[in-house]
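Here are a few notes to go with your first look at this one. I've stuck to a single topic, the charged side-chain pairs, so keep the view open as you read.

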Amino acid sequence: MKELLEVIAKNLVEYPEQVQVFEKEGDKASILELKVAPEDMGKVIGKQGRIAKAIRTVIKAAAVHEDKKIIVEIIQ
């Protein structure tokens, strides 16, 4: 899932070299933290959070195949 999120984010931003994804294992779910350049935050979040919601939907759909719960957080 980490690689999938990284590929999606790198294709959306102007500075793909600054995309970082951190994975934290929780008790019931894994948390993926996406960090991008400050200039690219708007591109990853989108108007009214539509892009962020779409990214979360794709990751959740991919996680269903592995029987995992994944939470995507966008951090600065």
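**Notes on the salt bridges**

1. Start with Glu-33, which counts as buried at 13% relative accessibility. The cut-off for that label is under 20%, so Glu-33 falls on the buried side with its 13%. Bear in mind that we're looking at a predicted model.

2. Which residue does Glu-33 form a salt bridge with? The partner is Lys-24, and the closest N and O atoms of the two sit 3.3 Å apart. Lys-24 counts as partly exposed, at 43% relative accessibility, whereas Glu-33 is buried.

3. Next, have a look at helix α1, which covers residues 2–12. Lys-10 and Glu-6 both belong to this helix, 4 residues apart, so about one helical turn separates them. Their side chains meet in a salt bridge, with an N to O distance of 3.3 Å.

4. How accessible are the two ends of that helix pair? Lys-10 has a relative accessible area of 34%, which makes it partly exposed. Glu-6 is partly exposed too, with a value of 26%.

5. Further along the chain, Glu-66 and Lys-68 bring their side chains together in another salt bridge, at 3.8 Å from N to O. The limit for calling something a salt bridge is 4 Å, so this pair qualifies at 3.8 Å. Lys-68 is partly exposed at 44%, and Glu-66 is also partly exposed, at 43%.

6. For the overall tally, searching the whole structure turns up 4 salt bridges. Among them are Glu-33 with Lys-24, Lys-10 with Glu-6, and Lys-68 with Glu-66.

Methods
Residues numbered from 1 in each chain as written. Predicted model: local features only at pLDDT ≥ 70, side-chain atom pairs only at ≥ 80, totals over all residues. Heavy atoms only, no water. Helix = DSSP H or I, 4+ residues; strand = E, 2+ residues; numbered from the N terminus. Buried < 20%, exposed > 50% of the residue type's maximum accessible area, 1.4 Å probe, protein only.
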